[in-house]
Amino acid sequence: MLLTQGLRQAGVGLLTLRRIYCLSRAAHTSAQKVEYKPIKKVMVANRGEIAIRVFRACTELGFRTVAVYSEQDTGQMHRQKADEAYLIGRGLPPVAAYLHIPDIIKVAKENNVDAIHPGYGFLSERSDFAQACADAGVRFVGPSPEVVRKMGDKVEARAIAISAGVPVVPGTDAPISALQEAQEFANTYGFPIIFKAAYGGGGRGMRVVREYEELEENYQRAYSEALAAFGNGALFVEKFIEKPRHIEVQILGDKYGNVIHLYERDCSIQRRHQKVVEVAPAAQLDPHLRDRLTADSVNLAKQVGYENAGTVEFLLDKHGKHYFIEVNSRLQVEHTVTEEITDVDLVHAQLRVCEGWSLPELGLKQDKIQINGSAIQCRVTTEDPARGFQPDTGRLEVFRSGEGMGIRLDSASAFQGAVISPHYDSLLVKVIASGKDLPTAATKMNRALAEFRVRGVKTNIPFLQNVLNNDQFLHGAVDTQFIDENPDLFNLKPVQNRAQKLLHYLGHVMVNGPATPIPVKAKPSSTDPVVPPIPLGEPPVGFRDVLLREGPEGFARAVRAHRGLLLMDTTFRDAHQSLLATRVRTHDLKKIAPFVAHNFSGLFSLENWGGATFDVAMRFLWECPWRRLQELRALVPNVPFQMLLRGANAVGYTSYPDNAVFKFCEVAKENGMDIFRVFDSLNYLPNMLLGMEAAGSAGGVVEAAISYTGDVSDPTRQKYSLEYFLKLADELVKAGTHILAIKDMAGVLKPEASRLLVGALRDRFPEMPIHVHTHDTAGAGVAAMLACAEAGADIVDVAVDSMAGMTSQPSMGAIVACTKGTELSTGEPMSIRVFDYSEYWEVTRGLYTPFDCTATMKSGNADVYENEIPGGQYTNLHFQAHSMGLGHKFKEVKKAYVEANKLLGDLIKVTPSSKIVGDLAQFMVQNSLTREEVEQRADELSFPLSVVEFLQGHIGIPHGGFPEPFRSKVLKSLPRVEGRPGASLPPMDFDCLEKKLRAKHGDDITPEDVMSAAMYPKVFQEFKEFTSNFGPVDCLNTRLFLDGPKIAEEFEVELERGKTLHIKALALGDLNKAGQREVFFELNGQLRSVLVKDALAMKEMHFHPKALKDMRGQVGAPMPGKVVEVKVKEGQKVEKGQPLCVLSAMKMETVVNSPLSGTVAKVYVKPDSSLEGDDLILEISE
């Protein structure tokens, strides 16, 4: 421990200490005339954590402190930690301010500063600054100006090392002044070579060149970096030693010729020649080699009369030979690890030596300096390892550090709300861990890093954690190629950041409104639904147990043998698709699911997946449809799940390769799906057969569904006659369906037609279970389903009462009540609890008021028998008509729907064919066209794309063929698809797709994600981008999800079992210059805030355009920074990989290369332009 510290701890006052000091030095100083000058005030000509480190030492020694700061640093912590703080470099660029010697000296003189500590970087190794201090009568805390000059001139330092007998790396004798000199050196010594800044370190101006073609570019970059960082672009060249260890020795000298070493540090873990992790002492270092390194360092320092702290740096090659690199005549960033293992405060020692104390007087003798344990320093930086350590800037929304035994933190402006600037170094905090040995210190470091919570900017913490867990680091020696040779270090564990992302989402909704499109201006109900009581224990046995035990065939036999009418509950899918625009969230389904499992175990199935719910989950609800299936399956293990499969279209609106449909069914079955209702919108048999085969091969129950239209009880309507449906049923039964279904999407199956159709099917297929689906748009749904049951149907579809009627399914309660006490009875337990079930959904429905069809529709309508609009589409058409300003013309839309259907040849209208008819109908109303006018002008009108693709044959061939001459007039020379659309598509490469997804979204891509991307590439991409920004919004209750919290509202959000967030919305800030509003919350008792872009205000403000990720030719800024040079012009041809421009951020330059070959179409930047990440630099046309 330093002498000063020991005396002060013993209670000796500062004046007494100085008296003792003066009396005790007489003998020691008799031969050497060194004047003792006590220090009262110290300025640190630096910023950030090193300034604070020195201030703390000064405060401990009783010195007053002075900070200087640039205009960009007015909010930085170092100026607040000092007793006084003064602005320097007014009007200068950020770095130039700290290099402006006249301003610094002026502040020192005006404020009676005794000594200036230069810190590291900036002016710390500038001899002219040390001389300027001396000329002004202010002490420089460091070596003399002459020694700084000698050591700062790396060429002269080499010469001194050679004269001291220290081995050196071959290099130039003086800084080079031209590229030609570098070329001559390379010709003499060969590649690789390295450029180094002659007047600074820290990796700035350092570039390795491995071949001649790279020489000029790297020379220019190194010169430019050195000039920006140190005010002088001079470079020298050395032979580059491959895979060396980087070892440095800490030295300390006084004014009396005493020099000691404090052992070595291993700084081999580097990237871009900048140290990332430092260790003291060096692991696996031969003791004899350690002695040579330390002896050479002390001899070199003595030869130049070195005083104060410094570092002698060496390279160790793989043969154990060491080579002198340079002397850093300043305090190093990593001095901390030396302090931890030697118990010497280096900054105290620097200041005392500057006052005139000798090392022996400070208790610093070589034989007293011992290594105690091991220490590691990790530089936590705001850099993204996944993007080549590109600096990240922004606001620290959250900052929580790791602490505890064996941990030391040296930081500056690391606090919540701090703004990370692109102007300076990316260092956020230095974390130092110490222990009895390296593995112990690494364990402590790992634990401390795991405690950090940094939100708002990227950090290198996940990378550092990988380094600390690496066996080579823990148990062997590492070299400077360690990072390059261990690509697994970049297998980064993603940071969840769920809480802060949720605050961003809530703030976004509070500022910009709902994140999902709202059809009508209405607020969700403020009343939350209450789940009825649920019994403890496992739910009763249900039909799924039969399926699991006996397989699909046995399951079908059990259904057919069942006495009474079976029900499928559509509340979890088609009911809310029809009434609430498919917007019901998993959050509300999960709450009631256990109640269904316990009280409705007698259900045939629960329809809860597929169809429109698949893409809407991602597109509008921002949740994963697969996760919905998985979670519901866990909550309802006893009732079979049923999904809607659009034949060869799977759950999409287009054709897919056959293997995509098969793979989809396989993955759905693995995730808990049981019954696949397979249909085709045109009843096109080839499409249906493919879907049936895919579902069957996956092990699912195949329920082939005949899409119903027309009226089999009306002898005048012959296109879709009873005979047509029976022939189609023959083919489906022959193909091996387990269950035969009638899918009446429009609700046009009248009771008499029900008896005719179901009766005929029952007669023809006595052993086949028959399942009927309808909609209650006309109000006759209950009567139709009872007629079906009486005619021999085994299962009918219903929805719980509060979600039934209108365009939904018939009422569950009505069917249950009407069959009670008859041979069709649905069972006693169901009749008891159906009303509790309905009450939950009645309240839940109020949460979805903005989507409720009753906002624009007050009742069903029997005109559906004329227009045949499917239930779900009827609702959506109503919403669309209102949103397009055609609400008052909805009657016309319905009439146009009839005419459009005739134009297209009288189609079966189920998704997607129903959408095609609807698109044509709205097109006709918008353009005031009659059916006759459309037919006459078909060759000149611009029809909706869905209509054109239908006529091309993209969804199959309709019964009776395509309408002519209408089809030929519309298509003209456009290509036509012959036969089944998917048959001509090449197989989908799922391995390739997965690789692309992993490259774009990380390694947490699942097989389910791959299928989502296969079905809906763009929707999945947007979904992943949303969740990346806003996290798991499915854990929010529905009112918060749609409407956000009210100011002062308190609520809880359960992220997972045992992890609950307590949140309170506090305030909404005013608009700032960037078009943002700050939204304030209290999270778990702590103040949090997020900045949210105001979408409305942004439209009125001008901002630099962003590069669109999907546009190949758009080149965006890979990081925030300033444009140093634009290397191309508009109209210039460029090759892939060609440099386009140079960016500078945090004093590090990055060359932006062309991602493709082409021609520069437009350049959006110029030199000195300041850019944010992803700002558009230029566009390239191929």
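**Exercise 1: across the strands**

Find out which residue of β7 stands opposite I194, and then work out which strands sit at the edges of the sheet.

*Solution.* Start with the residue itself: I194 has V208 of β7 across from it. Next, look at the strands. This is a predicted model, and in it β6 covers residues 193–197 and pairs with β7 in the antiparallel sense, over 3 bridges. Now zoom out to the sheet: it's an open one of 3 strands, ordered β7-β6-β8, with antiparallel pairing. Last step: β7 (207–209) and β8 (235–239) each have a single partner strand, so one side of each is left without a neighbour in the sheet, and these two are the edges. As for the twist, it averages 25° from one strand to the next.

**Exercise 2: two helices meet**

Decide how α9 and α10 are oriented relative to each other: roughly parallel or roughly perpendicular?

*Solution.* First, locate them: α9 spans residues 145–152 and α10 spans residues 154–163. Then take the geometry: they pack at about 90°, and their axes are 5 Å apart. Angles from 65 to 115 degrees count as roughly perpendicular, so that's the word for α9 and α10. Finally, who does the touching? On the α9 side it's R149, K150, M151 and G152, and on the α10 side K154, E156, A157 and I160.

**Exercise 3: cysteines without a bond**

Work out why C133 and C818 are in no disulfide, and say whether each is buried or partly exposed.

*Solution.* You need one cut-off: a disulfide takes two cysteine sulfurs within 2.5 Å. For C133, the nearest cysteine sulfur belongs to C354 and is 9.8 Å away. For C818, it belongs to C788, at 14 Å. Neither distance fits the cut-off, so neither cysteine is bonded this way. In fact, the structure holds 0 disulfides. Now accessibility: C133 is at 0%, so it counts as buried, while C818 is at 45%, so it counts as partly exposed.

**Exercise 4: the surroundings of L359**

Place L359 in the chain, then list what it touches.

*Solution.* Step one: L359 lies in the loop between α15 (346–355) and β14 (374–381). Step two: its relative accessibility is 0%, so L359 counts as buried. Step three: leaving out residues up to four places away in sequence, L359 touches L252, G253, D254, N258, V259, I260, V353 and L364.

**Exercise 5: how sure is the predictor?**

State the mean pLDDT and find the stretch that falls below 50.

*Solution.* The mean is 90, with 95% of residues reaching 70 or more. Residues 1–31 are the stretch below 50. Beyond near neighbours in sequence, this stretch still has 47 contacts in the model.

Definitions and conventions:
Residues numbered from 1 in each chain as written. Predicted model: local features only at pLDDT ≥ 70, side-chain atom pairs only at ≥ 80, totals over all residues. Heavy atoms only, no water. pLDDT = per-residue confidence, 0-100. Contact = heavy atoms within 4.5 Å. Buried < 20%, exposed > 50% of the residue type's maximum accessible area, 1.4 Å probe, protein only. Pairing = 2+ DSSP bridges. Helix = DSSP H or I, 4+ residues; strand = E, 2+ residues; numbered from the N terminus. Axes fitted to C-alpha atoms, helices over the stretch in contact; angles between N-to-C directions. Parallel < 35°, antiparallel > 145°, perpendicular 65-115°, else oblique.
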